[in-house]
Amino acid sequence: MTDSPAVLNIIKWGPRRMFRARFVFLAVPAGFLFLHSAGAFRSPADDESGPDRTGYLGDASCENCHKDLARIYEHTPHHLTSQLATSSSVHGSFQSGANSLIIVNPAQSAEPGLQFHMVSNKDGLFEVARSGWDSHIYERAERIDLVTGSGVRGQTYLYWQRDRLFELPVSYWSDGHRWINSPGYIDGTADFSRPVNPACLECHASYLRALSANPATNRYDRKSLVPGISCESCHGPGANHVRQEQRRETKGKETLIQNPANFSRDLQVDLCAECHNGIQREGLKPAFSYMPGRPLSEYFKQLPSPEVEHPDVHGNQVGLLQRSKCYRSSAEMSCSTCHNVHTTGQSLESYSQKCLSCHQWQSCGMSKKMGHAITNKCIDCHMPVEETNVIVSQTAGQVVHAKMRNHWIKIYADGSVPGNAGESQRP
């Protein structure tokens with residue numbers, strides 16, 4: 001694929017509906033959720049350095065003893081950050097009138113422009129790109145096979161082409177319940193060629209076995225997929241623990257499972273930082289290698305960032321938290337001080353109560369103006385919601401930025417809450 005437009009003959013194979021079509025699209029650089037790593041090509045036979053998956057059993061093995069916890073966790077954003085595509089897991093509408101994204105070229109008003117239609121039929125859910133007019137209609141359709149994103153802010157969709165995994169050109173945006181160009185895609189093009197490499201998936205799935213040691217590969221063993229963030233992602237492989245429990249050998253013995261609550265503060269934070277510490281880093285070991293309870297520096301090397309003074313809020317929650325005086329003044333404060341990953345979303349008021357476990361509300365400079373009502377507003381002022389420049393979609397001439405909460409806890413100069421208009425009660 002070159003950087004210039006290419007006209008391809010496309011033949012649909014496999015379980016999808018078969019047809020021939022010609023379609024014009026561009027190869028574009030990576031953006032949004034997915035990072036692309038460079039590496040020399042190696043054959044699958046050369047892949048002897050993959051992660052050790054010995055002892056991993058899956059969430060079903062945990063549910064037998066932890067039913068209540070598992071029932072709640074199934075609805076959390078972590079668990080839902082990737083799913084197989086179904087009518088319930090895909091949040092966008094497939095109903096007529098709400099299932100289309102039409103991008104008109106304003107310079108050529110007589111030309112219909114590019115249209116995307118979301119189609120549901122007996123073979124599954126599809127993204128269909130269509131361009132042209134009269135007898136010159138160019139069309140391509142790909143089935144939505146995998147959902148990434150819990151839907152709190154939106155979702156992006158992936159499709160399989162035999163054993164290769166690609167990103168689809170249209171995403172769902174929760175704000176406005178609408179279809180948009182997948183962030184990072186060129187407005188007015190239909191690009192089905194963006195590969196999804198292991199680093200892309202590492203924070204959206206528990207495991208997917210790559211068929212090559214090349215870190216830029218997008219070839220996988222499809223049957224190995226473990227979607228979402230599973231129990232063992234944070235607690236480590238559970239086989240020995242399950243065996244011990246079944247034999248009732250736990251009395252007075254180590255439980256043979258990792259409990260992050262018993263980690264040091266640094267290792268607790270490292271567990272979260274695997275996915276919540278920005279994107280400027282280099283993998284030292286294959287994707288899905290990280291083992292809870294180990295220093296993250298054994299698996300990733302942090303790279304210099306051009307945004308040292310003004311870091312972006314996306315994916316950098318740990319780095320921003322570590323800049324905070326609250327964090328630097330405490331030997332115990334960690335992500336779990338405020339967040340309970342086993343539960344669904346908490347209200348902003350509940351987070352403010354965490355602040356008041358250390359701070360007196362009367363000492364805030366705004367307390368005289370706002371009175372006791374300020375006790376529910378700590379997060380609004382000291383952790384404002386801001387736009388990110390990492391997740392950006394250009395759709396039909398409009399630019400859409402995702403909004404995320406800044407985890408740099410501090411006094412902001414103007415006391416305002418940037419980008420917080422209409423923000424829901426999400427941390």
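The following questions and answers walk through a predicted model of a protein.

Visitor: How many helices and strands does the protein have, and what share of the 427 residues is buried?
Guide: The secondary structure of this predicted model comprises 11 helices, and its strands number 18. Of the 427 residues in the protein, the buried share is 43%.

Visitor: What part of the accessible surface of the protein belongs to carbon and sulfur atoms?
Guide: The accessible surface of the protein adds up to about 22,900 Å². Within that area, the part belonging to carbon and sulfur atoms is 52%.

Visitor: Which strands stand at the edges of the open sheet formed by E4, E5, E6 and E7?
Guide: The open sheet has 4 strands in the order E4-E5-E6-E7, and their pairing is antiparallel. Two of these strands have a single partner strand each, so one side of each is left without a neighbour in the sheet. The strands in that position are E4 (100-103) and E7 (136-143).

Visitor: By how many degrees are neighbouring strands of this sheet turned against each other on average?
Guide: The value is an average over neighbouring strands of the sheet, with direction ignored. On that basis, the turn of one strand against its neighbour is 20 degrees.

Visitor: Which residue in E5 is the bridge partner of Ser100?
Guide: Strand E4 pairs with strand E5 (residues 114-121) in the antiparallel sense, and 4 bridges connect them. In the bridge that involves Ser100, the partner contributed by E5 is His117.

Visitor: Which residue in the hairpin of E9 and E10 takes a positive phi?
Guide: Strand E9 (residues 154-161) and strand E10 (residues 164-167) run antiparallel and are joined by 4 bridges, and in E10 the bridge partner of Leu158 is Glu167. The hairpin has 2 residues between the strands. The residue with a positive phi lies in the loop between E9 and E10, and its phi is about 60 degrees although it is not a glycine. That residue is Arg162.

Visitor: Is Arg162 buried or exposed?
Guide: A residue counts as exposed when its relative accessible area is over 50%. The relative accessibility of Arg162 is 59%, so Arg162 counts as exposed.

Visitor: Where does His177 lie, and what is its relative accessible area?
Guide: His177 has a positive phi of about 50 degrees, although it is not a glycine. His177 is placed in the loop between strand E11 (170-173) and strand E12 (178-181). His177 is exposed, and its relative accessible area is 64%.

Visitor: Which cysteines form the disulfide of this structure?
Guide: The structure holds 1 disulfide, and the two sulfur atoms that form it are 2.3 Å apart, which fits the cut-off of within 2.5 Å. The cysteines are Cys203 and Cys275.

Visitor: Why is the disulfide of Cys203 and Cys275 left-handed?
Guide: The handedness follows from the torsion about the S-S bond, so the value to look at is the one for Cys203 and Cys275. That torsion is about -100 degrees.

Visitor: How many residues apart in sequence are the parts that Cys203 and Cys275 tie together?
Guide: Cys203 lies in the loop between helix H3 (198-201) and strand E13 (205-207), whereas Cys275 belongs to helix H6 (residues 265-276). Both are partly exposed, Cys203 at 23% relative accessibility and Cys275 with a relative accessible area of 26%. The parts tied together by the pair are apart in sequence by 72 residues.

Visitor: Which cysteine sulfur is nearest to that of Cys338?
Guide: Cys338 is partly exposed, at a relative accessible area of 22%, and is in no disulfide. The distance to the nearest cysteine sulfur is 6.4 Å, and that sulfur belongs to Cys355.

Visitor: Why is the sulfur of Cys355 not bonded to the closest cysteine sulfur?
Guide: Cys355 is partly exposed, with 25% relative accessible area. The closest cysteine sulfur is in Cys378, and the separation is too far for a bond, at 4.5 Å.

Visitor: Which backbone oxygen does the side chain of Gln244 reach?
Guide: Gln244 is found in helix H5, where the buried residues are Ala239, His241, Val242 and Gln244, and what covers them includes helix H1 (60-63). At 5% relative accessibility, Gln244 counts as buried. Its side chain comes to 2.7 Å from the backbone oxygen of Glu254.

Methods:
Residues are numbered from 1 along each chain as its sequence is written. This is a predicted model: local features need pLDDT of at least 70, side-chain atom pairs count only at pLDDT 80 or more; totals for chains, interfaces and linings use all residues. Side-chain values use heavy atoms; hydrogens and water are left out. Two strands pair if DSSP finds at least two bridges between them. Axes are lines fitted to C-alpha atoms, for helices over the stretch in contact, and angles run from 0 to 180 degrees between N-to-C directions. Buried means under 20% relative accessible area, exposed over 50%, partly exposed in between (1.4 Å probe, protein chains only). Accessible areas come from the Shrake-Rupley method with a 1.4 Å probe; for residues, only the protein chains shown count as cover. Contact means heavy atoms within 4.5 Å. A polar contact is a pair of N or O atoms within 3.5 Å; within protein, one must be able to donate a hydrogen and the other to accept it, and residues adjacent in sequence count only if both atoms are side-chain atoms.
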